Amino acid sequence: MSPDVVTVRGACPHDCPDTCALVTTVENGVAVKVHGNPAHRHTDGVLCTKVSRYAERTHHPERLLQPMRRTGPKGSGQFEPISWDEALDTIARRLGDIAARDPQAILPYSYAGTMGLVQGESMAARFFHRLGASLLDRTICAAAGGEGLVQTLGAKVGMKVEHFAQAKLIVIWGSNSIGSNLHFWKLAQQAKRDGARLVCIDPRRTETAEKCHEHIALRPGTDAALALALMHQLITHDWLDHDYIRDHTLGFEALRERALQWPPERAAEVCDVPVQQIIDLARAYGTTRPAAIRLNYGMQRVRGGGNAVRAVACLPALVGAWRQAAGGVLLSSSGQFPVERAALQRPDLLAGRQPRTINMSTIGDDLLREASPTFGPRIEAVVVYNSNPVAVAPESGKVVRGFARDDLFTVVLEHFRTDTADHADILLPATTQLEHWDIHTSYGHTDVLLNRPAIAPVGQSRTNTDVFRALARRMGFTEPCFDDDDEALCRMAFRPDVIDFQQLLDQGFATLQLPDAPYADGDFPTPSGRCEFVSARLQAQGLDGLPDHLPNHEPAGSSVRFPLAMISPPARNFLNSSFVNVQSLRDIEGQPVLEMHPADAGARGIADGDMVRVFNDRGEYRCRVKVGQRARHGVVNGLGIWWRKLGPDGTNVNEVTSQRLTDLGRGPTFYDCLVEVARVGEAA
Ligand SMILES: Nc1nc2c(c(=O)[nH]1)N[C@H]1C(S)=C(S)[C@@H](COP(=O)(O)OP(=O)(O)OC[C@H]3O[C@@H](n4cnc5c(=O)[nH]c(N)nc54)[C@H](O)[C@@H]3O)O[C@H]1N2
Ligand SMILES: Nc1nc2c(c(=O)[nH]1)N[C@H]1C(S)=C(S)[C@@H](COP(=O)(O)OP(=O)(O)OC[C@H]3O[C@@H](n4cnc5c(=O)[nH]c(N)nc54)[C@H](O)[C@@H]3O)O[C@H]1N2
Ligand code: SF4
Ligand SMILES: [Mo]
């Protein structure tokens, strides 16, 4: 390698369970290629197609390169360049004016554009805590399932992912591994080669479902019914680990009574699947060891999503699957990491104030809400970073109207002119992962990764942390914590006895020291130390302590006008709404697609390739239909969260999704949505 070619180790910043280790090749200060780090066992030298294009994304001709001020109407995308000083002065003045009346009228809005602990909620959280701004409940992805796990297992914990390779039965439940958890799929294939049986539970016939031995294509939102019927069979056939149940669980008798109300025939009707599939899966799960369940978040984006996760999370304890390293369940490993959050985020800067909390999943309604004694002040300013709410939040008709309010002051920190950026008063250019420091945990494995900057900030872009440091200075916040630099923040994330920072510097990653079969002897992080079939904490909130099947807000068959259930899972070549503007990836995805079963299409005179209108009382969007077997009868699959402005009619799938929330965790219900579909044009 010539002296002006260097390689730099980093971490994939995206909201993906795989958290890959990256190696970036830099030539003359330009990132030319991003590879997977072969030394990191989970990455194994392989990246997904999207992030292989990260250099293309970073040096994209449309990268935001300087601060801008809006000149046209909100949403028009008309801006003029301004200096950083002018941008920061304007923001500090506007936020200062609002804060003088009530800082709670200011709302930070952020999610997982980067999963980094530093460019995520470190300096930003300090700034908003010091200001006394409204708090944001970050529910948009995993709140229901996360709460389901917490109430059952005690935390977001589970099997170590590497042990799936040794399982003899793998149930892939509500997850399209090949599309969104690629490195897990490699382990599943290894197990399959060694004789494991693979079962996929998913309304959609995904590329993953196709490659499993069995595909159970249930109706969206019926997973708890299925899990309860599995319990029914485990109990009636006595495929139970009585010792494990006695020693390490809480509430078996009550759960038994509940499950006995769910014979497979009842669940088969609710789920609309052949009863034999349920009976066969129960037998396989009751008699195969080790048995592992890979849950993912797809199943919890419905009204009963929290309960569904609770029901599934009970299964391993019933059969004692936790006794083996390759048995149990994994939804998220994020709770394994003892992150020093208080040090990073400094909630002490609230100094006794208790600002209200706004749920990010109802941002549409909340931006349109007037001041009231229950709500508090009207939202007057929003600072958006690491998120694209105008595209990703439900019921976007209302979200757009909210962001279009002329009396709302909006600041957006972004790489690109997203749909949300188009609504900014001040738009600030942010650095990408190749240009800043960060440190990462994972929700799919148990390693910590360090990300070092590979190149200088592109254009005038600045890190999120720099922006909040600069604003703090302008607003007269003199606490020394506003001087911490990014490397210092990385060092603060873990105690030195947990993670050796030198090891991170030397090799880019470090593994948490955890037992291989963490719950072989119980010891769950619940209040009782047991797997809690019955949760006293839920009972104390007046809720059902046992898991149950809660029908969707919009159950299949409940509406004559909107007879089709719609789910809107990720597009394989995008990451949420990120990468939609990367041409090489958009070329693969083509255009927004709605998958439809031949019988549903035929009944509406719709042919493959037709343009259709997908609509309900909330709104409508247009896309191209793919008729085929990927969609089950009665369910349509609207793939991917496209940028609205890149869709055929300037909208996307979230025009039709609702702001109703889940049973637990106050999460969104993207996949609990009834629609009708009508043809609008001939095949192209
Ligand atoms: N390529 C790619 N990868 C991604 C993402 C992306 O956008 N693109 N997004 C990332 C993010 S933010 C997340 S949260 C993760 C996890 O994201 P997940 O939401 O877990 O995504 P998938 O793995 O596609 O799994 C969802 C699957 O659940 C199915 N499903 C929908 N409704 C139901 C239901 O009611 N029951 C059951 N059993 N299944 C249902 C869908 O058809 C889909 O195949 O993926 C991450 N990885
Ligand atoms: N219909 C439907 N809607 C969904 C979903 C679904 O399955 N169906 N999935 C939901 C889920 S699981 C999630 S997690 C949410 C995701 O929603 P978001 O977290 O909003 O994810 P993205 O759409 O990827 O937007 C992230 C933005 O952050 C920016 N960004 C990335 N890194 C940085 C950085 O370092 N600094 C700054 N300032 N900006 C950065 C990116 O350019 C990008 O525009 O969407 C949800 N919406
Ligand atoms: S998006 Fe996921 S699979 Fe792709 S590089 Fe990042 S962590 Fe790895
Ligand atoms: Mo997510």
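Student: What makes up each domain in the domain assignment of this chain?

Tutor: In this predicted model, the assignment gives domain 1 as 5-58, domain 2 as 68-141 + 344-511, domain 3 as 144-331 and domain 4 as 564-679.

Student: How do you know how many residues of domain 1 and domain 4 take part in their contact?

Tutor: Contact requires heavy atoms within 4.5 Å. The contact takes 10 residues from domain 1 and 12 residues from domain 4. The C-alpha centres of these two domains lie 30 Å apart.

Student: What area do domain 1 and domain 4 bury between them, and which residues of domain 1 supply it?

Tutor: About 880 Å² is buried between the two domains, with 66% of it on carbon and sulfur atoms. On the side of domain 1, Lys 50, Arg 53 and Arg 57 supply 57% of the area buried against domain 4, more than any other three residues.

Student: How many salt bridges and how many polar contacts are counted between domain 1 and domain 4?

Tutor: A salt bridge needs a side-chain nitrogen of Lys or Arg within 4 Å of a carboxyl oxygen of Asp or Glu. The count between domain 1 and domain 4 is 0 salt bridges. Polar contact, however, joins 2 residue pairs, both at pLDDT 80 or more. By class, the side of domain 1 that touches domain 4 has 5 charged, 3 nonpolar and 2 polar residues.

Student: Why is helix H14 called mostly covered?

Tutor: A residue is called buried because its relative accessible area is under 20%. In H14, residues 305-319, 15 of the 15 residues are buried, and the helix is mostly covered. Just after H14, Gly 320 takes a positive phi of about 70 degrees.

Key:
Residues numbered from 1 in each chain as written. Chains lettered and ligands numbered in written order. Heavy atoms only, no water. Buried < 20%, exposed > 50% of the residue type's maximum accessible area, 1.4 Å probe, protein only. Helix = DSSP H or I, 4+ residues; strand = E, 2+ residues; numbered from the N terminus. Domains from an automatic or database assignment. Buried area = accessible area lost by both parts, 1.4 Å probe. Polar contact = N/O pair within 3.5 Å; in protein donor to acceptor, adjacent residues only side chain to side chain. Nonpolar A, V, L, I, M, F, W, Y, C, P; charged D, E, K, R; others polar.
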